[in-house]
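Open the model in your viewer and keep the selection box handy. We will go stop by stop, and at each one you will hear what to pick and what to look for.

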Amino acid sequence: MTTKDRAGNFQNKLLCLGIKDWKPNRHTTNLFIGIFVSFPVTLALPVDALQVQVVPTNPALGDTLSVVINLDNPNNGSNPLVAIGEKIYPAFAIAPNKYRALVPTTPLEKAGTRTIKISGDGQVQNLAVKIGTRKFPVQRITLPPGKAGVNATEYELKRVAAFKALETPQKYWNGPFLKPNAGRISTIYGVRRYYNGTFAKDYYHRGVDYAGAAGSPVTAPAAGRVALVGRVSQGFRVHGNVVGIDHGQGVTSIFMHLSRINVKEGDTVKAGQVIGAVGSTGAATGPHLHWGLYVNGQSVDPVPWRNKVFD
């Protein structure tokens, strides 16, 4: 291409920018051609509008993954999408242009690498997250011949399943979760069991048990809305007298085997507020509190929620 040709192309570019009736000489032509040769390259660089952070950095089975997404230009106010395989996890707004999805892991899964697909601002990112293995205690239980366990009623199962499936957009909790009872922990999360020598592959202890004295107060570990109140008289044969708190954004707490219930459905509770008392109702061999924490319908270890802040 000759200098004349380049000058002609250069003048066309100036016309596109609204600059008219300007006659470049040879020196200024060469100067501005050099600028315009490099200038479009800068414009063509992609804008990195999709910023993602996943914590904890070294998760293990039972942990909750927090996937925080920053969007520079949210598309029509739509939330980003977070998926692992075919499973999509809801992402909720936690600040202007900032969203967060919570991804549960459980003892029933295998350790290894998960690929998290994040979509937003017209972009897609695939992040590889390694989930470490974790050893869970094993109990061996022998049942006498012909002994049948307590079975939950259909009403009980439906109510509890609907509660655990809640995905309320509003976030009620703030800061780390509190201990719901003053008693010592008698059974930790994730315990596996053998029944009469056969491993129960679909079972794990879905929560933490506190060996609180009968009648001792049970308090809300975090703020939320009471979304479930069930009683033995209504058919809650396994859970016993039970309270479920919706903390928002897919996080729920369930408190089982209560001797007393101090709240009703629809109540808003604060962290540390008394919601009931320790008992042995339902499928319990003695007084204790079972606290189960669920994220998007799956039981996760509550302990990290007491030690870390999932803002």
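Two strands are said to pair if DSSP finds at least two bridges between them. Keep that in mind for the strand stops on this tour.

**The whole model**

Start with everything shown as a cartoon. This is a predicted model, and the protein contains four helices and 22 strands. Of its 311 residues, 42% are buried. Among contacts with a separation of 6 or more, 67% join residues 24 or more positions apart. If you switch on the surface, its accessible area comes to about 16500 Å², with 54% of that belonging to carbon and sulfur atoms.

**Strand E21 and its partners**

Now select residues 289-295, which are strand E21. Is E21 enclosed or open? Because seven of its seven residues are buried, the strand is largely enclosed by the rest of the structure. Turn the view to look at each face: Leu289, Trp291, Leu293 and Val295 are buried on one side, and His290, Gly292 and Tyr294 are buried on the other.

Add residues 208-210, strand E13, which pairs with E21 in the antiparallel sense over three bridges. Here Asp209 is found opposite His290. Next add residues 251-258, strand E17, which runs antiparallel to E21 and is joined to it by six bridges. On this side, look for Val251 facing Val295.

Finally, bring in residues 298-300, strand E22, which is antiparallel to E21 with three bridges between them. Tyr294 has Ser299 as its bridge partner in E22. Two residues separate these strands in a hairpin, and in its turn Asn296 has a positive phi of about 50 degrees.

**A second hairpin**

Move to residues 112-120 and 123-131, strands E7 and E8, which run antiparallel and are joined by nine bridges. To find your place along the pair, label Arg114 and, opposite it, Val129 in E8. Two residues lie between E7 and E8 in this hairpin as well, and Asp121 in the turn has a positive phi of about 55 degrees.

**Aromatic pairs**

Show the Phe, Tyr and Trp side chains for the next stop. How many aromatic pairs are there? The count comes to nine. Zoom in on Tyr189 and Tyr204: their ring centres are 5.8 Å apart and their planes meet at 75 degrees, so this pair is edge-to-face. Tyr189 sits in the loop between E10 (185-187) and E11 (192-195), while Tyr204 is in the loop between E12 (198-199) and E13, 15 residues away. Both rings belong to buried residues: Tyr189 has a relative accessibility of 1%, and Tyr204 has 2%.

Then select Tyr194 and Phe199, an aromatic pair that is tilted, with 5.0 Å from centre to centre and 55 degrees between the planes. Here Tyr194 is partly exposed at 22% relative accessibility, and Phe199 is partly exposed at 34%.

Go back to Tyr204 and add Arg206, whose charged end sits over the tyrosine ring, 4.1 Å from its centre.

**An aromatic cluster and the nonpolar cores**

Pick Trp173, Phe177, Trp305 and Phe310, which form one aromatic cluster. Add Lys171, and you will find it over the face of Trp173, 4.9 Å from the ring centre.

Three members of that cluster lead into the next selection. The largest nonpolar core has 47 residues, and Trp173, Phe177 and Trp305 are among those with the most contacts inside it, along with Val67, Val243, Val251 and Ile275. Centre on Val67 to see some of its surroundings: beyond its neighbours up to four places away in sequence, Val67 touches residues including Val52, Val54, Val82, Tyr99, Ile116 and Ile118. Another core of nine residues lies apart from the largest one, and includes Phe163, Val242, Ile254 and Met256.

**Last stop: Thr219**

Finish at Thr219, in strand E14 (residues 217-219). Is Thr219 buried or exposed? With a relative accessibility of 15%, Thr219 counts as buried, because the cut-off for buried is under 20%. Show what surrounds this threonine: setting aside neighbours within four places in sequence, Thr219 is in contact with Lys179, Pro180, Phe255, Gly272, Gln273, Val274 and Ile275. You have already met Ile275, one of the residues with the most contacts inside the largest nonpolar core.

Conventions:
Residues numbered from 1 in each chain as written. Predicted model: local features only at pLDDT ≥ 70, side-chain atom pairs only at ≥ 80, totals over all residues. Heavy atoms only, no water. Buried < 20%, exposed > 50% of the residue type's maximum accessible area, 1.4 Å probe, protein only. Contact = heavy atoms within 4.5 Å. Areas by Shrake-Rupley, 256 points an atom, 1.4 Å probe, with all protein chains shown as cover. Phe/Tyr/Trp six-rings, centres within 6.5 Å; stacked < 30°, edge-to-face > 60°. Lys NZ or Arg CZ within 6 Å of the ring centre and 35° of its normal. Core = buried A, V, L, I, M, F, W, Y, C linked by side-chain atoms within 4.5 Å.
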